[in-house]
Amino acid sequence: MKGNDRVVRQTPERKGAIEFFDQPLTDEGGIDFEIIEGFFFAYRDFISDPDAILERSGFGRAHHRVVHFVNREPGLTVADLLDTLKITKQSLARVLKQLIDSGYICQLAGPEDRRQRKLYPTRAGRELALALAEPQHQRIKRAFDGMSADDRRAITRFLTGMQNARDANRDERQ
């Protein structure tokens, strides 16, 4: 049984009261709520510094992801970026237009196929990527403080294991 197969929507019965719980959810079925909550809080804090930087420019998390991946792989095609981000063309088009118009990304026709669009960071785009990554790097550095190289490898394996198999395979090839 998949996790989402268990979701049941409760509809109020006309004659009876809605059942509610006054005790916290614990380790029902071996679910590791400590790790799940750790991810919620870690993600909230990990993204908070970049969010504040992006907000000053009127940008959001989608802009962050585009700036990050274009800087990590200059010359990335729009098609490959769509595949990496798992978003629609329409969503990417809006974000990309804003980043291009603001001077953070430039888009060039492919040398072999002029229909292919390749994305490159500008100097401003590179500076933005570094400004967004620096506070995240500091958080990661603090978290790794006192850990061994083996601990780091275990965490990297864990994070790779958390990805969908297709995405994890792509990351291993890069």
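The following exercises, each with a worked solution, concern a predicted model of a protein chain.

**Exercise 1. Overall architecture**

Determine how many helices and strands the protein chain contains, and in what pattern they follow one another along the sequence.

*Solution.* Step one is to count the elements: the protein chain has 7 helices and 3 strands. Step two is to read them in sequence, which gives the pattern α-α-β-α-α-β-β-α-α-α. Step three concerns burial and surface: 22% of the 174 residues count as buried, and the chain exposes about 13,600 Å², of which carbon and sulfur atoms supply 53%. Finally, consider contacts between residues at least 6 apart in sequence; 50% of these join residues at least 24 apart.

**Exercise 2. Strand pairing**

State which strands pair with β3, and in which sense.

*Solution.* Begin with β1, residues 76-77, which pairs with β3, residues 117-121, in the antiparallel sense over 2 bridges. Within this pairing, threonine 77 has lysine 118 as its bridge partner in β3. Turn next to β2, residues 105-109: its pairing with β3 is also antiparallel and runs over 5 bridges. Here cysteine 106 is bridged to tyrosine 120 of β3.

**Exercise 3. The two sides of helix α4**

Identify which residues of α4 are buried, and which exposed residues lie on the face turned away from the buried side.

*Solution.* First, establish the geometry of the helix. Helix α4 comprises residues 89-101, 13 in number, and reaches 18 Å from its first C-alpha to its last, close to the 18 Å expected at 1.5 Å a residue. Second, list the buried positions of α4: Leu92, Val95, Leu96 and Leu99. These cover an arc of only 100° around the axis, and therefore lie on the same side of α4. The general principle is that an α-helix has 3.6 residues a turn, so residues three or four places apart point the same way. Third, examine the opposite face, which carries the exposed residues Gln90, Lys97 and Asp101. Fourth, ask what covers the buried residues of α4; the cover includes α2, α3, β2 and β3. Beyond the helix comes glycine 103, with a positive phi near 85°.

**Exercise 4. Surroundings of asparagine 71 and proline 74**

Decide whether asparagine 71 is buried or exposed, and find which residues proline 74 touches.

*Solution.* Asparagine 71 is found in helix α2, residues 61-72. Its relative accessible area is 10%; the cut-off for burial is under 20%, so asparagine 71 is buried. Leaving aside neighbours within four places in sequence, asparagine 71 is in contact with Pro121, Gly125, Arg126 and Ala129.

Proline 74 lies in the loop between α2 and β1 and, at 43% relative accessibility, counts as partly exposed. Not counting residues up to four places away in sequence, proline 74 touches Leu119, Tyr120, Pro121 and Arg126. Proline 74 and proline 121 are 47 residues apart in sequence, yet 6.7 Å apart in space, C-alpha to C-alpha.

**Exercise 5. An aromatic pair**

Describe the geometry of the pair formed by phenylalanine 59 and tyrosine 104.

*Solution.* A search of the whole structure finds 2 aromatic pairs. One of them joins phenylalanine 59 and tyrosine 104, with 5.6 Å centre to centre and 80° between the planes. Planes over 60 degrees apart count as edge-to-face, so this pair is edge-to-face. The pair links distant parts of the chain, 45 residues apart: phenylalanine 59 in the loop between α1 and α2, and tyrosine 104 in the loop between α4 and β2. Both residues are buried, phenylalanine 59 at 11% relative accessibility and tyrosine 104 at 17%.

Note on methods: Residues numbered from 1 in each chain as written. Predicted model: local features only at pLDDT ≥ 70, side-chain atom pairs only at ≥ 80, totals over all residues. Heavy atoms only, no water. Helix = DSSP H or I, 4+ residues; strand = E, 2+ residues; numbered from the N terminus. Buried < 20%, exposed > 50% of the residue type's maximum accessible area, 1.4 Å probe, protein only. Contact = heavy atoms within 4.5 Å. Areas by Shrake-Rupley, 256 points an atom, 1.4 Å probe, with all protein chains shown as cover. Pairing = 2+ DSSP bridges. Expected span 1.5 Å × (residues − 1). Arc of directions from axis to C-beta. Phe/Tyr/Trp six-rings, centres within 6.5 Å; stacked < 30°, edge-to-face > 60°.
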